[in-house]
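Dear colleague,

Please find below the structure that I am handing over to you. My notes on it follow directly after.

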Amino acid sequence: MRLQLGYVPLTDAAVLIAAVERGFTAGEGLEVDLVAEPSWATLRDRLALGLLDGAHMLAPLALACHLGLSGPQARLIAPAALARNGNAVTLSLPLWQALDAESDALADVARALARVAEARAAEGRPLTLATVHPYSSHTYQWRRLLALGGSSLAAIRLVVVPPPRTVAALESGRIDGFCVGAPWSSVAVEAGVGRIAAFGAAIAPGCPEKVLALPVEMEDRAAPLLRALKQAARWCGDPAHHRDLAALLGAPRHLGLDPALILRGLAGALRLAPGGQLVEAADYLVLGEPELTPDQAALGWMVEEMAAAGQVEGTPADAAGLYRADLLAAA
Amino acid sequence: MPDRATSSPAAPAPSPGEPLTIAVVDPSRARAAILEEGLRAVEGARVVVIPDTADLLDRLSALSPDVVVIHLESPSRDLLEQMFGVSRLVERPVAMFVDRTDAPMMQAAVDAGISAYIVDGLRAERIKPIIEIAILRFNAFARLQRELTEAKSELADRKLIERAKGILMSAKGLTEDEAYKQLRRKAMNEKRKIVDIARAIVTAADLLG
């Protein structure tokens with residue numbers, strides 16, 4: 001069987017990329033073309049219109065597409081979760097200084113950020129903070145971080161910046177901070193333009209990040225791909241393979257970035273500030289076979305967050321059909 | 001960027017006959033120009049090409065277009081979804097894409113590499129010609145590009161064969177016609193293309209010369 005699978009080049013596409021590049025899909029008799037997509041919207045449209053057979057996708061975007069809230073509606077299934085956590089909130093160095101947080105503890109950072117956000121809103125020049133798509137855990141993590149400190153999304157200007165453009169946007173001052181997946185926070189720190197202020201894993205522990213989204217028509221044909229993903233997840237979850245995985249992801253055909261920066265996220269040891277020490281963050285990005293099982297609780301969390309962000313009203317009845325742990329278990 | 005959240009409530013979408021502002025966003029300037037030219041044929045349309053750069057959001061907010069046609073290759077699409085969907089940076093609500101009931105057209109558009117964002121309430125009969133023109137133009141551009149690539153490689157092949165002929169002529173004292181016949185015979189015997197034989201001769205001559 002030949003499959004066209006889309007992804008957006010990010011560290012958390014690791015399991016899908018490894019499934020193909022390490023030969024696990026070939027071992028299951030699959031011929032896979034991995035297609036790097038320039039935006040989530042493009043990936044969603046191609047998937048919804050049948051030009052892709054499956055994709056690495058923001059979990060909330062898969063849900064939004066499934067519910068007909070975003071793009072052309074398509075019945076999707078998510079039989080595997082590709083990653084948990086992996087985001088970080090990174091602020092410009094001037095904003096980090098203005099925060100003057102008492103400590104690096106989440107509560108202190110949130111309080112300081114909320115204080116500055118409210119002050120800037122009162123002055124009529126709100127902070128401009130970036131997410132990666134309206135339907136993303138990144139959007140919800142901003143909301144939670146601001147709420148934790150006593151502020152809200154209403155106090156800031158939330159914009160979308162594609163991950164590869166975040167570092168330049170921060171450097172130019174067009175945005176004051178961003179919440180983005182690995183490795184882009186490390187890229188900003190390494191470039192000397194940003195300070196990691198909070199890990200997504202601290203803001204929303206166990207946050208559902210990316211899923212494998214398939215058109216519902218793939219339901220009966222997903223087993224070989226799911227078996228390959230299990231093997232790939234096992235391989236990716238082994239710390240002994242992190243260096244090889246970082247090299248694979250860093251290749252020009254995928255992320256095209258320094259493997260050393262990718263390795264920080266995989267190993268859970270990140271530099272928070274330019275020139276700073278490596279800080280342990282074991283659950284910063286979690287890959288591995290146990291993470292593959294899509295968790296209904298995570299789905300419920302997403303629906304709540306969508307409602308809190310004003311993206312959906314109530315609990316849509318169709319939501320429950322998206323996560324299909326049964327298909328993974330049966331594969 | 002002006003914060004328009006507090007400005008007047010949603011203005012109505014233009015009715016038939018009223019002028020329509022179409023913004024074209026494309027990472028390729030050549031393709032944007034070809035699309036722009038085509039869209040000028042839409043009656044009552046004002047077409048504005050906006051470069052796909054970091055200040056895209058500000059420029060679009062200032063223009064407040066009725067329709068945005070953007071290439072699928074552009075990473076700025078996610079930015080537009082935020083702008084039109086959640087924030088209130090534009091005065092009028094914008095719905096994404098073509099008529100959802102018209103699946104074949106949507107598929108043709110995505111196939112051609114187009115997405116469009118359209119002011120809510122704009123009538124389907126006004127949108128359809130815009131999308132149709134965009135599909136035709138984008139497909140024509142893709143064809144032109146393919147032909148250009150083919151023409152370039154054809155030209156390079158011809159140059160290589162000319163050089164190989166010249167080498168044979170001076171090395172073996174052949175006429176041009178004889179040199180070409182030798183090349184062709186060698187290619188036929190080895191079941192290879194003439195240009196491959198020519199490349200081997202040129203490479204060898206470069207090494208030996």
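**An exposed glycine in chain A**

G192(A) counts as exposed, because only 12 or fewer neighbours are allowed for that class and G192(A) has 11 C-beta neighbours inside 10 Å. Please bear in mind throughout that this is a predicted model. The position of G192(A) is in the loop between α9 and β9 of chain A. Between G192(A) and E171(A) there are 8.9 Å in space, C-alpha to C-alpha, although the two are 21 residues apart in sequence.

**The sheet of chain A**

The strand that follows this loop, β9, belongs to an open sheet of five strands in chain A, ordered β7-β6-β8-β5-β9, with mixed pairing. Which strands form the edges of this sheet? They are β7 and β9 (194-199) of chain A, each of which pairs on one side only. On average, neighbouring strands of the sheet are turned by 25 degrees against each other, direction ignored. In general, the strands of a sheet pair through backbone hydrogen bonds, in either a parallel or an antiparallel manner. Here, β5 (residues 87-92) of chain A and β8(A) run antiparallel and are joined by five bridges. In one of the pairs, N87(A) has G181(A) in β8(A) as its bridge partner.

**Backbone features**

Just past β8 of chain A, P183(A) sits in the loop between β8 (177-181) and α9 (184-190). The peptide bond that leads from A182(A) to P183(A) is cis, and its omega is near 5 degrees.

Positive phi values deserve a separate look. D100(A) is not a glycine, yet its phi is positive, at about 50 degrees. This residue belongs to the loop between α5 (93-99) and α6 (106-122) of chain A. Is D100(A) buried or exposed? D100(A) is exposed, because 9 other C-beta atoms lie within 10 Å.

In chain B, S64(B) is a residue other than glycine with a positive phi, near 50 degrees. S64(B) is found in the loop between α2 (56-63) and β3 (67-71) of chain B. With 16 other C-beta atoms within 10 Å, S64(B) is partly exposed. A glycine with positive phi also occurs in chain B: G113(B), which follows α4(B), has a phi near 95 degrees.

**Chain B and its helix α4**

Chain B contains seven helices and five strands. Read from the N terminus, its elements follow the order β-α-β-α-β-α-β-α-β-α-α-α. Of the 209 residues in chain B, 33% are buried. Among the contacts in chain B with a separation of 6 or more, 68% are between residues 24 or more positions apart.

Helix α4 (residues 103-112) of chain B has M106(B), A109(B) and V110(B) as its buried residues. Viewed down the axis of α4(B), these buried residues fall within an arc of 95 degrees, so they line one face of the helix. The general background is that an α-helix has 3.6 residues a turn, so residues three or four places apart point the same way.

**The contact between the chains**

How many residues does each chain bring to the contact? Chain A brings 24 residues and chain B brings 21 residues. On the side of chain A that touches chain B, α3 (40-48) and β7 (157-160) of chain A each supply at least two residues. The largest share of that side, five residues, comes from α3(A). By type, the residues on this side of chain A are 15 nonpolar, five polar and four charged.

**Confidence**

For the complex, the predictor gives an ipTM of 0.81 and a pTM of 0.83. The mean pLDDT of chain B is 80, with 82% of its residues at 70 or more. Within chain B, confidence is highest in helix α6 (residues 176-189), at 93, and lowest in strand β4 (residues 94-96), at a mean of 49. In residues 1-11 of chain B the pLDDT is below 50, and this stretch has 13 contacts in the model beyond near neighbours in sequence. In residues 86-96 of chain B the pLDDT is also below 50, and that stretch has 33 contacts beyond near neighbours in sequence. Where pLDDT is low, the predicted coordinates should not be read in detail.

With kind regards

Terms used. Residues numbered from 1 in each chain as written. Chains lettered and ligands numbered in written order. Predicted model: local features only at pLDDT ≥ 70, side-chain atom pairs only at ≥ 80, totals over all residues. Helix = DSSP H or I, 4+ residues; strand = E, 2+ residues; numbered from the N terminus. Buried ≥ 20, exposed ≤ 12 C-beta atoms within 10 Å, placed from the backbone. Contact = placed C-beta atoms within 7 Å. Nonpolar A, V, L, I, M, F, W, Y, C, P; charged D, E, K, R; others polar. Pairing = 2+ DSSP bridges. Axes fitted to C-alpha atoms, helices over the stretch in contact; angles between N-to-C directions. Arc of directions from axis to C-beta. pLDDT = per-residue confidence, 0-100.
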